[in-house]
Amino acid sequence: MDTNTFLEALHKQGIVLDEKQQNQFHRYFEILVEWNEKMNLTAITDQEGVYLKHFYDSLTAAFYYDFNDQPIRICDVGAGAGFPSLPLKIVFPHLKVTIVDSLKKRITFLNHLAHELELDDVAFYHDRAENFGKNADFREGYDLVLARAVARMSVLSELCLPLTTKGGHFIAMKGPNLNEEMEDAQVAIQTVGGEVVYVHTFELPEEGSERNIAIIEKRRKTPKKYPRKAGTPNKTPIQ
């Protein structure tokens, strides 16, 4: 996806980028490629691939959720190189973004990136999601929690819904075959206080690969025992 196609595709969805935002995406691409030579951030380094599979793909969340409400406190769990929350932050500058990631090198990259892109109201924490969700300073403190292709839905629910405020939402951005994952995750989602609102299935332009966005509402407070200690959700998901 070249930059003009990127802009046109967003325009069709009602998203118009000004010159500053276009420059921020270009600089994001440059920094990503530069740092990727020193550390493993992404396997996708060509410009058209980054714009389609990282930038555009991250922004598809805005096609199904209203990011114009103010203010929205967002937590991005396992964001890696900043996806999806930092592309969303560029488009919706009023968002208050927190990223938690377990690899310190990635946090260093994200701090540098935020400085270079002149992003404010962003915070980065080096921590395991299980520990972060137990921390009273963050637990049930976010209007929206995001995760993009991090783990199975049964695991993600236990990591993300404890961070979501009651009445808020958790959005999981996934690839193909989400239906089976959703069936396996029903007990986990309800156990930690969530209810599935909708699952949107669509294809990425140009390459036609399947994408799914699951929107889950936090209806009840999460029991104190969740999330369980680091590593447990992945080894023994809630059944």
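This is a short walk through the cores, aromatic rings and one helix pair of a predicted model.

Let's start on the inside. The largest nonpolar core has 54 residues, and within this core Phe6, Phe25, Phe55, Tyr56, Phe67, Leu88 and Phe109 touch the most other members. If you would like to look at one of them in the viewer, try phenylalanine 55. Which residues does phenylalanine 55 contact, once its neighbours within four places in sequence are left aside? They are Phe6, Phe25, Tyr28, Phe29, Val50, Phe83 and Pro87. There is also a second, separate core, made of 29 residues, with Phe132, Tyr142, Ala151 and Ile189 among them.

Now let's turn to the aromatic rings. The structure holds 16 aromatic pairs. One of these joins tyrosine 51 and phenylalanine 55, whose rings sit 5.0 Å apart, centre to centre, with 75° between the planes, an edge-to-face arrangement. How far apart are these two residues along helix H3? They are four residues apart, which is about one turn of the helix, and H3 itself covers residues 47-59. Both partners are hidden from the outside: tyrosine 51 counts as buried because its relative accessible area is 3%, which is under the 20% cut-off. Phenylalanine 55 is buried too, with a relative accessible area of 0%.

Compare that with phenylalanine 63 and tyrosine 64, an aromatic pair that is tilted, at 6.5 Å centre to centre and 55° between the planes. Is each partner buried or partly exposed? Phenylalanine 63 counts as buried at 19% relative accessibility, whereas tyrosine 64, at 28%, counts as partly exposed.

Some rings also gather in a group. Phe6, Phe25, Tyr28, Tyr51, Phe55 and Phe83 form one aromatic cluster, so here you meet phenylalanine 55 again, along with its contacts Phe6, Phe25, Tyr28 and Phe83.

Finally, let's see how two helices meet. Two packed helices are described by the angle between their axes and the distance between the axes. Helix H7 spans residues 153-160 and helix H8 spans residues 178-191; their axes come within 7 Å and cross at roughly 45°. That angle makes H7 oblique to H8. On the H7 side, the meeting residues are Met153, Ser154 and Ser157. On the H8 side, they are Leu178, Glu181, Met182, Asp184, Ala185, Ala188 and Ile189. What kinds of residues make up this contact of H7 with H8? Six are nonpolar, two are polar and two are charged. Ile189 in H8 is one you have met already, as a member of the second core.

Conventions: Residues numbered from 1 in each chain as written. Predicted model: local features only at pLDDT ≥ 70, side-chain atom pairs only at ≥ 80, totals over all residues. Heavy atoms only, no water. Core = buried A, V, L, I, M, F, W, Y, C linked by side-chain atoms within 4.5 Å. Buried < 20%, exposed > 50% of the residue type's maximum accessible area, 1.4 Å probe, protein only. Contact = heavy atoms within 4.5 Å. Axes fitted to C-alpha atoms, helices over the stretch in contact; angles between N-to-C directions. Parallel < 35°, antiparallel > 145°, perpendicular 65-115°, else oblique. Nonpolar A, V, L, I, M, F, W, Y, C, P; charged D, E, K, R; others polar. Phe/Tyr/Trp six-rings, centres within 6.5 Å; stacked < 30°, edge-to-face > 60°.
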